[in-house]
Amino acid sequence: MVSSDKIEEVPKTGVSSTSDDKTPSISEKGGISPAHKKGESEIVTIPRSDFDSRRGEDHDDDDKVISSGADAANHLMSLRDDFEPALTFRSIVLASCLSAFQAVMTQIYAFKPTTVSISGTFIVLIAYFLGNAWATFLPRGDRMEAKWRAKNPEGAKLPLYITVASFINSGSWNLKEHAICAITATSASNAKESLQVFAAQELFYDLPIHPITVVLTVISVGLLGYGICGIMRPMAVWHVEAVYWSTIPTVKVLQSLHWEDLKGSKPLRWFWYSFIGMFLYEFFPQYIIPWLNSVSIPCLAAMHATGEKAAVLKNLFGGSLPNQGLGWFTFTFDWQYVTSFTTSLPLKWQLHYTAGVTVCSFAMLALYYSNAFNARSLPFMSTRLLTAEGKRYPIEKIFFGGRLHQDALQEHGIPRLTATFAYGMFMANAAIGALVGHCTLFWGGDVVRSFKSARQGVFQDRHHRHMAKHYKEVSWWWYMIVLVGSFALGLIVVTTQNITFPVWAFFISIALGFTVAPLSTLLYSRFGNGIATNNLSKMLAGLILPELPVGNMYFAAWSHSVIMNAVNLSNDLKMGEYLKIPPRVMFLTQIYGTVLGGFVNYAVMKSIVTTQRELLIDGDGTNTWSGASIQGYNTTATSWALAKYLYKAGQTYAMVPLGLLVGFLAVAVHRFIYHFNPKIKGFDLQRINLPQFIQASGEIPVLSNQTCVILSMSTFGLINQLYVRRSHPRIFKQYSYLVTGAWDGAALMTAFLLSFTVFGAGGISAPFPKWWGNNVDGTYDHCPTP
């Protein structure tokens, strides 16, 4: 007998001995997986050095630096597949519960002062504990069957009670069941984008919302995005450079929880150390010492300043509240606002983002203090439409039933935008123009080749080669049926409901979504961060639907929200490939999660909007609730509805729509230079991505988040990608994603507990006693108030 430390015996069935699929199906303890124990397959020997069965990773060069999508596919993401069942009774039940839970949390954070993407790790950990509890405390069908068969003759029929027990609790909680819960829950949060329409309609317009409108719109928007996602698979899922970097922490956590043993795995132990440590620490920045949210030495040094000096200091260094200031030299020590999303994105994004927000800060200061557009008469930053005196513009008094009334407009005058917000909108449009230019001029040929390769069955990504070999793919017709059905639902809404949105505009919005979704998904898949396309949809709506802000929003729902859903669902499909979930199971669970999440999101949104109405309409809110995001959404929609008064030639903000052309031309010049001179002193000019840089260069005034997070995001991201990844590749691959994923889950676990125990979400509000560390009467960063 050969020593077990030299070879591993596995069946040849389901495992390719070629380099395309070199990972065998091996159980957690290093033996043959249950799926291959029937003995009818030829046995081959595979050197244990090629595969570490204990860790569940391809045995690889730990010193390999991850620099590209191909590197991530071949050296970072494991090819292991244990061929376990994915769609089971318990996975469906738990997925339903967690989908509802994630939808609730997503909608709550939509009205927080800083928008936070609910981390997949948080849901993963909850599903881990629930799944293991289910498998441990309910009768196990596999154990009952083993005992029964030991006492009965071979071939005897199993009793009904054992069959039922196996259906309810078949065995140990496995990776694929766990992944189904996480992916379904993620799909449930996608309705957030389309529900902004109903939130704004409820808050700012006297236009009744019928439940049928909500139900059919949410389903239509969600499933249209999924249909587009299916058509884009060759370039957006199966392509080797389609990494979806921010998904890697969730995948790594899932694999480690199921493939590694706590006693024998140092990375897994560090995961739990990190989780517990961050969980306990987060009570300080979130509740006891909120000052840790926004630590600003300049603000502390000048906290007693007054007048113009205080105003300048606030504009430069304030950042603890939305629209407070630029947050220079301000650091946040609250991980819930940094997240693994930032640290997991590649170095190319980190550099573009850091350079972009730096340019953005100086551009905003130049505009304001040079008094461009008479900027000094208005606040430095604001996401709202304003009067000439800088006060909130009474939108509700000029729009009745979702339509503009000319008499009211004449009475209150043309609204104004802050110079910084107008700049941000110009740059957002420029980023969209650059997106179209970059995807067509730089990546167009690669996209065409990816579809040709898919037709030929040739794939560079070894993960998809494995999936194509072992699982049935979803037919293109399935996605076409989804597209037709969701289109029909949308058509029913616009033809039967009073939403100020004509049928012909519906067709145009769908066409826009179909055109831009592939471009946005392509960029997101390769950089981990896409381009906000909402300005494009609203601008086009403003041109074809003048003076109809609600119709403008519905136009955005069937264009921009469809694009966002296509991006998010493509991301989930890639996660399914990493975890080897059968494609047809993914199809069913993503549709189920999308539909279920829509209903739950709407119920929560309705509750928040009803109870916090005045706070969300007026002002920038508090450190707990803020209407800044929905105000910005409504401001953009309303301003575009007033396009002919604000943006036409000769008006104050006429340059905003021209951003589209400027962005495209900038990329065209870039491509022209690259064609004749691809490198400058060894630097490949193709590594410059103008869409990402331009978007970051206008991000601060448009997103209206707390700017105290910017320096922390750049610092953590650059340390991880510039130093750890390059100087310590082994630590980067084994610990980076696990530790930051643990911090994500811990921070959100703390936030969830505090929300429902002391922050009022559960009906009980128990603020921490007033002291210097929470500065109840001012801002967390102690910045002076003019």
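In which strand is the place of Thr330? Thr330 sits in strand β6, which covers residues 330-331. Welcome to this structure, which is a predicted model. This briefing visits a nonpolar core whose 212 residues make it the largest one here, a nonpolar patch on the surface, 1 disulfide and some of the 14 salt bridges.

**A starting point: Thr330**

- Thr330, the residue from the opening question, lies in strand β6 and is buried, because its relative accessibility is 0%, where anything under 20% counts as buried.
- Setting aside neighbours within four places in sequence, Thr330 is in contact with Ser294, Val295 and Ser296.
- The contacts of Thr330 also include Phe317, Cys708 and Leu711.

**The nonpolar core**

- The largest nonpolar core has 212 residues, and the members that touch the most others are Phe111, Leu257, Phe271, Phe501, Trp558 and Tyr647.
- Helix α25, running over residues 549-578, gives the most to this core, with 14 residues.
- Leu257 is a good place to look around: beyond its neighbours within four places in sequence, Leu257 is in contact with Val124, Leu125, Tyr128 and His178, among others.
- Leu268, Phe271 and Trp272 are also among the contacts of Leu257, and Phe271 is another of the core residues named for touching the most other members.

**The nonpolar surface patch**

- Turning to the surface, a nonpolar patch of about 540 Å² is made by Phe89, Leu138, Leu160, Val164, Phe167 and Ile168.
- Helix α5, residues 160-168, supplies the largest share of this patch, with 4 residues.
- Leu160 is found in helix α5, and Leu160 counts as exposed because its relative accessible area is 66%, where the cut-off for exposed is over 50%.

**The disulfide and other cysteines**

- The structure holds 1 disulfide, formed by Cys299 and Cys783, whose sulfur atoms are 2.4 Å apart.
- This disulfide links distant parts of the chain, as Cys299 is in helix α13 (residues 297-301) and Cys783 in the segment after α34 (729-757), 484 residues apart.
- Is the disulfide of Cys299 and Cys783 left-handed or right-handed? The torsion about its S-S bond is about -55°, so the disulfide is left-handed.
- Both ends are tucked away: Cys299 is buried at 1% relative accessibility, and Cys783 is buried with a relative accessible area of 7%.
- Around Cys783, leaving aside neighbours within four places in sequence, the contacts are Cys299, Leu313, Lys314, Phe317, Gly318 and Gln324.
- Phe317 appears twice in this briefing, as a contact of Cys783 and as a contact of Thr330.
- Cys783 and Ala311 are 472 residues apart in sequence, while their C-alpha atoms are 9.6 Å apart in space.
- Two further cysteines are buried as well: Cys229 has 0% relative accessibility, and Cys439 has a relative accessible area of 3%.

**Salt bridges**

- Side chains of opposite charge can pair when their charged atoms come close.
- The structure holds 14 salt bridges, and one of them joins the side chains of Lys176 and Asp81 at 2.8 Å, N to O.
- Lys176 lies in helix α6 (residues 175-188) and Asp81 in the loop between α1 (69-76) and α2 (89-109), so this pair ties together parts that are 95 residues apart in sequence.
- Lys176 is buried at 2% relative accessibility, and Asp81 is buried too, with a relative accessible area of 2%.
- Another salt bridge brings together the side chains of Arg449 and Asp446, at 3.9 Å from N to O.
- Arg449 and Asp446 are separated by about one helical turn, because they are 3 residues apart in helix α20 (residues 444-456).
- Asp446 also pairs with Arg526, and the closest N and O atoms of this salt bridge are 2.5 Å apart.
- Arg526 lies in helix α23 (residues 503-527) and Asp446 in helix α20, so this pair ties together parts that are 80 residues apart in sequence.
- Are Arg526 and Asp446 buried or exposed? Both Arg526 and Asp446 are buried.
- Through salt bridges that share partners, Asp446, Arg449 and Arg526 are joined into one network.

Note on methods: Residues are numbered from 1 along each chain as its sequence is written. This is a predicted model: local features need pLDDT of at least 70, side-chain atom pairs count only at pLDDT 80 or more; totals for chains, interfaces and linings use all residues. Side-chain values use heavy atoms; hydrogens and water are left out. A nonpolar core is a set of buried Ala, Val, Leu, Ile, Met, Phe, Trp, Tyr and Cys residues joined through side-chain atoms within 4.5 Å. Buried means under 20% relative accessible area, exposed over 50%, partly exposed in between (1.4 Å probe, protein chains only). Helices (H or I, at least four residues) and strands (E, at least two) are DSSP runs, numbered from the N terminus. Contact means heavy atoms within 4.5 Å. Patches are made of residues with over 30% relative accessible area and no salt bridge: like charges are joined within 9 Å, nonpolar side chains (Val, Leu, Ile, Met, Phe, Trp, Tyr) within 5 Å. Accessible areas come from the Shrake-Rupley method with a 1.4 Å probe; for residues, only the protein chains shown count as cover. A salt bridge is a side-chain nitrogen of Lys or Arg within 4 Å of a carboxyl oxygen of Asp or Glu. A disulfide is a pair of cysteine sulfur atoms within 2.5 Å.
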